[in-house]
Amino acid sequence: MEAKAACAGSEEETEKWMAAAMRMAQDALDNLEVPVGCLMVYNDEIVGRGRNEVNQTKNATRHAEMVAIDQVLEWCHRHGKSPSEVFEHTVLYVTVEPCIMCAAALRLMKIPLVVYGCQNERFGGCGSVVNIASAVLPHTGKPFQCVPGYRAEEAVEMLKTFYKQENPNAPKSKVRKKESQKP
């Protein structure tokens, strides 16, 4: 199955995969992580799924997409498949536009299509900040297509919920230290 056909195949399928990605994002939120969730779908099968695990692992590279890439590699190993063949026919469904790091990884893995929810105005690698997806970058894999806006409002609301709560893993603010030292 061609990756583009997987997305264009039906709005119903895209909604099904995005709903599952939203559940991954909710799981991240429930575990005090930035609520981003994703699925990697190959031949109508989920071969990788991820949610942010940065706070849990204390590893800044454990974004949802990176977790899912690792799972796809494991899936390929278990099923005797070539990772390059699988990635070249895999669609990523993710709740938030991939950051620059993740967009670069997706490009190196030759993912052809990324369907995402809301834009990432601070770190977006698919056009919001930098367009890694379609930039002319020698020796960095093929450009990939992006389809933004699926369930964007829901993704934004989850992000707002996360940022309203106290992040126990965030560094203590100097402003807060000064405020707490006042009599």
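Colleague: Which residues of helix H2 meet helix H7, and what makes that a contact?
Modeller: On the H2 side they are Met22, Ala25, Gln26 and Leu29, and on the H7 side Glu154, Ala155, Met158, Thr161 and Phe162. A contact is called when heavy atoms lie within 4.5 Å. By class, this contact has 6 nonpolar, 2 polar and 1 charged residues. Nonpolar covers Ala, Val, Leu, Ile, Met, Phe, Trp, Tyr, Cys and Pro; charged covers Asp, Glu, Lys and Arg; the others, Gly among them, are polar.

Colleague: What do the numbers and cut-offs rest on?
Modeller: This is a predicted model, in which local features need pLDDT of at least 70 and side-chain atom pairs count only at pLDDT 80 or more, while totals for chains, interfaces and linings use all residues. Residues are numbered from 1 along each chain as its sequence is written, and side-chain values use heavy atoms, with hydrogens and water left out.

Colleague: What makes a stretch a helix or a strand here?
Modeller: Both are DSSP runs numbered from the N terminus: H or I over at least four residues for a helix, E over at least two for a strand. By that rule the chain has 8 helices and 5 strands, in the order α-α-β-β-α-α-α-β-α-β-β-α-α from the N terminus on.

Colleague: How are H2 and H7 oriented to each other, and why is it called that?
Modeller: H2 (residues 11-30) and H7 (residues 152-164) pack at about 5°, with axes 11 Å apart. That makes the two helices roughly parallel, since the term applies to angles under 35 degrees; over 145 is roughly antiparallel, 65 to 115 roughly perpendicular, and the rest oblique. The axes are lines fitted to C-alpha atoms, for helices over the stretch in contact, and the angles, from 0 to 180 degrees, are taken between N-to-C directions.

Colleague: What span is expected for H2, and what does the model give?
Modeller: The expected span is 1.5 Å times one less than the number of residues. H2 has 20 residues, and its first and last C-alpha atoms are 28 Å apart, close to the expected 28 Å. Just after the helix comes Leu32, with a positive phi near 60°.

Colleague: Which residues of H4 meet H6, and how are the two helices oriented?
Modeller: Glu65, Met66 and Ile69 in H4 meet Met101, Cys102, Ala105 and Leu106 in H6. This contact has 6 nonpolar, no polar and 1 charged residues. The angle between H4 (residues 64-79) and H6 (residues 100-108) is about 25°, and their axes are 9 Å apart. The two are therefore roughly parallel.

Colleague: What span does H4 have?
Modeller: Its 16 residues should span 22 Å, and its end C-alpha atoms are 22 Å apart, so the values agree. Gly80, just after H4, has a positive phi of about 65°.

Colleague: Why is Cys76 classed as it is, buried or exposed?
Modeller: Buried means under 20% relative accessible area, exposed over 50%, and partly exposed in between (1.4 Å probe, protein chains only). Cys76 has 1%, so it is buried. Other buried residues of H4 include Val72 and Trp75. The cover over the buried residues of H4 includes strands S1, S2 and S3 and helices H5 and H6. Of the 183 residues of the chain, 44% count as buried.

Colleague: How do you know how many disulfides there are?
Modeller: A pair counts when the cysteine sulfur atoms are within 2.5 Å. The count is 0. The cysteine sulfur closest to that of Cys38 is in Cys102, at 8.2 Å, which is too far for a bond. Cys38 has 0% relative accessibility and therefore counts as buried.

Colleague: Where does Thr95 lie, and what does it touch?
Modeller: Thr95 lies in strand S3. Its relative accessible area is 0%, so Thr95 is buried. Leaving out residues up to four places away in sequence, Thr95 touches, among others, Met18, Met22 and Ala25, which are buried residues of H2.

Colleague: How exposed are Lys58 and Lys110?
Modeller: Lys58, in the loop between H3 and H4, has 63% relative accessible area and is therefore exposed. Lys110, in the loop between H6 and strand S4, has 34% and so counts as partly exposed. Phi is positive in Lys58, near 60°, and in Lys110, about 65°.
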